[in-house]
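Trainee: I should like to request a close look at a single part of this model. Please explain how the sheet is arranged and what surrounds it.

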Amino acid sequence: MNAATTPTDEVLTLEELAAYLKVSETTAYTLVRGGEIPGRKVGREWRFLKARVTHWLMQAGTEEDMEKTGFVQRDDLGGEFKQEGGQEYVALWLPITREEKAAQIEKATRDGVNVSELIADYLRSWVKA
């Protein structure tokens, strides 16, 4: 940064943005392509005003922002939920391994049934055990 540049008009590259946010370049690019982080394409490269990125970070977590983007939040009891499109979705941690889940999805696809119903049946049998 030279003497004429102030922190408010500092321009970041995608690589510098990722370092500033302490995320991978892939994650930064995904946020940018999704329109979440304010930036501009200059030629074939993305550029970001550090002040606008900082402002974006400071806005994260507001009710309006969480409603718009479907951020996962925690309730008073530690449960996870998100609001998206006027609906509230509650997270449910299933007592199932990734391998079991993959097998259930494969079975649902093979049998042409709804995965949710298959998982519900699986859970019913697990509770009875």
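**The sheet and its surroundings**

Mentor: In this predicted model, strand 1 and strand 3 (residues 45–49) are joined by three bridges in the antiparallel sense. One of the residue pairs can be named: V11 has L49 of strand 3 as its bridge partner. Strands of a sheet pair through backbone hydrogen bonds, in either a parallel or an antiparallel manner.

The sheet as a whole is open and has three strands in the order 1-3-2, with antiparallel pairing. Its edges are strand 1 (11–13) and strand 2 (40–42), each of which pairs on one side only. From one strand to the next, the twist averages 40°. Helix 3 (residues 50–59) packs on the sheet, where it touches strand 1 and strand 3. The direction of helix 3 makes about 70° with that of strand 3.

Strand 3 also takes part in the largest nonpolar core, which has 12 residues in all: L12, L14, L17, A18, L21, A28, L31, V32, I37, W46, F48 and V53. Helix 1 (14–21), helix 2 (25–33) and strand 3 each supply at least two of these residues. The largest share, four residues, comes from helix 1.

W46, a member of this core, deserves separate attention. Not counting residues up to four places away in sequence, W46 touches L12, T13, L14, Y29, V32, G39, R40 and K41. Among these contacts, L12, L14 and V32 are also listed in the core.

For comparison, a helical part of the model may be considered. Helix 5 has 14 residues and reaches 20 Å from its first C-alpha to its last, close to the 20 Å expected at 1.5 Å a residue. Just after helix 5, G112 takes a positive phi of about 70°. Helix 5 (98–111) is also included in what covers the buried residues of helix 6.

Helix 6 (residues 115–128) has 14 residues, which should span 20 Å at 1.5 Å a residue; its end C-alpha atoms are 20 Å apart, in agreement. Its buried residues fall within an arc of 140° when seen down the axis of helix 6, so they line one face of the helix. Buried residues in helix 6 are L118, I119, Y122 and L123. An α-helix has 3.6 residues a turn, so residues three or four places apart point the same way. The face of helix 6 turned away from the buried side carries the exposed residues S116, E117, V127 and K128.

How values were computed:
Residues are numbered from 1 along each chain as its sequence is written. This is a predicted model: local features need pLDDT of at least 70, side-chain atom pairs count only at pLDDT 80 or more; totals for chains, interfaces and linings use all residues. Side-chain values use heavy atoms; hydrogens and water are left out. Helices (H or I, at least four residues) and strands (E, at least two) are DSSP runs, numbered from the N terminus. The expected span of a helix is 1.5 Å times one less than its number of residues. Buried means under 20% relative accessible area, exposed over 50%, partly exposed in between (1.4 Å probe, protein chains only). The arc is that of the directions from the helix axis to the C-beta atoms. Contact means heavy atoms within 4.5 Å. Two strands pair if DSSP finds at least two bridges between them. Axes are lines fitted to C-alpha atoms, for helices over the stretch in contact, and angles run from 0 to 180 degrees between N-to-C directions. A nonpolar core is a set of buried Ala, Val, Leu, Ile, Met, Phe, Trp, Tyr and Cys residues joined through side-chain atoms within 4.5 Å.
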